[in-house]
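Colleague: Could you walk me through this one? I would like to begin with the charges and then look at the fold and a few odd residues.

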Amino acid sequence: MEMSGSSSGRLLLLLGFLIVSSISATSDSIYDRFVQCLSNHSSPSLQASSIVYAQKNSSFTAVLQSYIRNQRFITSSTPKPLIIVTPTDESQVSAAVICSRDIGIQPRIRSGGHDYDGLSYISDVPFFILDMFNLRSVDVNISDETAWVQAGATLGELYYRIWEKSRVHGFPAGICPTVGVGGHLSGAGYGNMVRKYGLSVDHIVDAKIVNVNGTILDRNSMGEDLFWAIRGGGGASFGVILSYKVKLVGVPEIVTVFRVEKTLAENATDILYQWQHITDKIDDDLFMRLLVQPITVKSDKGATKAKKSQKTVRITFIAMFLGDSTRLMSVMNKDFPELGLKKEDCKEMNWIESVLYWANFDNGTSVDVLLNRTSDSESFLKRKSDYVQKPISKTDLEGLWKKLIELGKPGMVFNSYGGRMNEIPASETPFPHRAGNIFKIQYSVNWHEEGAEADKKYVNLMRELYSYMTPFVSNSPRGAYLNYRDIDIGINHNGKNSYQEGKVYGDKYFLNNFERLVKVKTAVDPRDFFRYEQSVPTLPLKGN
């Protein structure tokens, strides 16, 4: 018997209603059980319901979306957590881990929400978000040049609190002030002082983590293996990072920045070619970031003719120098005269002003803006990463320019390496991409069109550019940066092939450090409770 169109439509509506009702009922059930469990494992004064949000709660959507930085993951089809837990003290994190384990629901741990592929707040299995935004204290001690910073704090808050206490101290971490400390530091963390001081993890001296048993551990009680693993291996594979104790670094009273743009018509190819040969060897106080973007320019075709559009590539040289402009000019004239830097291109300022400059705030903006935890520039985006170990020839650069112009939308960011990065052994922390790398590439595309077709279009453009770059970047394996999360390079389904699947992306992120991470994971979380789509797997069971 055939079903009529109207009957078929009613059946689909009914099925949809039943699915939604089932999800809602599951959420309500998990909520009730979780609240009861939290009450049993927390201080009697805790009103557990005040830190747990069910899907039917009127604030659920606002809390969920407040720390989603990629609009790709705010859609009707994006998997939603059954509940969101927002602890206000460390003991509640312990209780949440115990309850999630006992109830059998997977946690997704979110500090700032800048995970590029959303793995800190989405999953294809039933899950809840353990949202750390309330745990954001920063305690700076200038006498011993350290700071305890909780996982939910942002980099902007960390920088601000350092500046409150000292004008000659800073911390080597990212340039985006709304990035969460927990994810940034556990994934290595780098910024515009990387050539002088290395990575954020190179300055972590202690940490606090909640393990699978709900126990709070510091460096002494967790042991050196686990302490090693959570300094670049991604904290969410091993437990819940509560806080890090970091060693501050010295910054001069005056730093200098510059921003110089060059198009292909302004000799950009030759300048970039030379940059590759000096950028990892130049004075350690100097860091240069290059934005490589396809653009459309207007060109004059005579006084009586209209301007004609022409596609080209623009390279923007953005620099951070730990010193004054006179010394910077001396360094540039000696080692990189090809850029043609002029004294008037340089801007002197103090370190905290440079933080605002690199975050693209207008000149004169109050430093208080660093306490703002929201971002005004969120869009749909996709990122990927690579490492360049040999200079790219001029001919190949010209081929790359043609490819960028052809694709039209994706851009690239080149980040200088060398300096201190060459001095720290690859095995010192899980992050292995040290000596031998000239610069790191970040592939970048942003868009504003909604819908699956736009998503597919722009992600495919990125993949095409990434594929094109294969001959010019590291290989066997092709390296990748954990904090530029990229599920294209592999996903773990967390089944019987978990180790084999994890090795695919694990070798790219961690190179020879992957196997040590697996051993640590197996020791501290043998049942693989803390798992997600790109977590560190446990060793395979014997016989598998």
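Modeller: Let us begin with the charges: the protein has 62 positive and 59 negative ones, and their mean positions are 4 Å apart. Please keep in mind that this is a predicted model.

Colleague: What would the radius of gyration of a compact globule with 544 residues be, and what does the protein have?

Modeller: A compact globule of 544 residues would have a radius of gyration near 24 Å, and the protein has 25 Å, so the two agree. Along the principal axes, the C-alpha atoms fill a box of roughly 70 × 70 × 55 Å.

Colleague: And how many helices and strands are there?

Modeller: The protein contains 15 helices and 18 strands. If we take the contacts between residues at least 6 apart in sequence, 73% of them join residues at least 24 apart.

Colleague: What share of the residues is buried?

Modeller: Of the 544 residues, 56% count as buried. As for the surface, the protein exposes about 23500 Å², and carbon and sulfur atoms supply 50% of that area.

Colleague: Which residues touch the most other members of the largest nonpolar core?

Modeller: That core has 161 residues, and those with the most contacts to other members are Phe34, Leu38, Val85, Phe258, Met288, Phe336 and Met412. Apart from this core lies another one of 13 residues, among them Tyr53, Tyr67, Phe73 and Ile122.

Colleague: Staying with Phe34, what does it touch?

Modeller: Leaving aside residues up to four places away in sequence, Phe34 touches several residues, including Ile83, Val85, Ala96 and Phe128.

Colleague: Now the odd spots: which residues have a positive phi although they are not glycines?

Modeller: Asn360 has a positive phi of about 70°, and Asp528 has one of about 55°. Most residues other than glycine have a negative phi.

Colleague: Where do those two lie, and is each buried or exposed?

Modeller: Asn360 lies in the loop between α11 and β16, and it counts as exposed because its relative accessibility is 61%, where over 50% is needed. Asp528 is found in the segment after α15, and it is buried because its relative accessible area is 8%, which is under 20%.

Colleague: Which residues does a cis peptide bond join?

Modeller: A cis peptide bond joins Ser476 and Pro477, with omega at about 0°, and Pro477 is placed in the loop between α13 and α14.

How values were computed
Residues numbered from 1 in each chain as written. Predicted model: local features only at pLDDT ≥ 70, side-chain atom pairs only at ≥ 80, totals over all residues. Heavy atoms only, no water. Core = buried A, V, L, I, M, F, W, Y, C linked by side-chain atoms within 4.5 Å. Buried < 20%, exposed > 50% of the residue type's maximum accessible area, 1.4 Å probe, protein only. Contact = heavy atoms within 4.5 Å. Helix = DSSP H or I, 4+ residues; strand = E, 2+ residues; numbered from the N terminus. Rg over C-alpha atoms; globule rule 2.2 N^0.38 Å. Areas by Shrake-Rupley, 256 points an atom, 1.4 Å probe, with all protein chains shown as cover. Lys, Arg positive; Asp, Glu negative; His and termini not counted. Charge placed at Lys NZ, Arg CZ, Asp CG, Glu CD.
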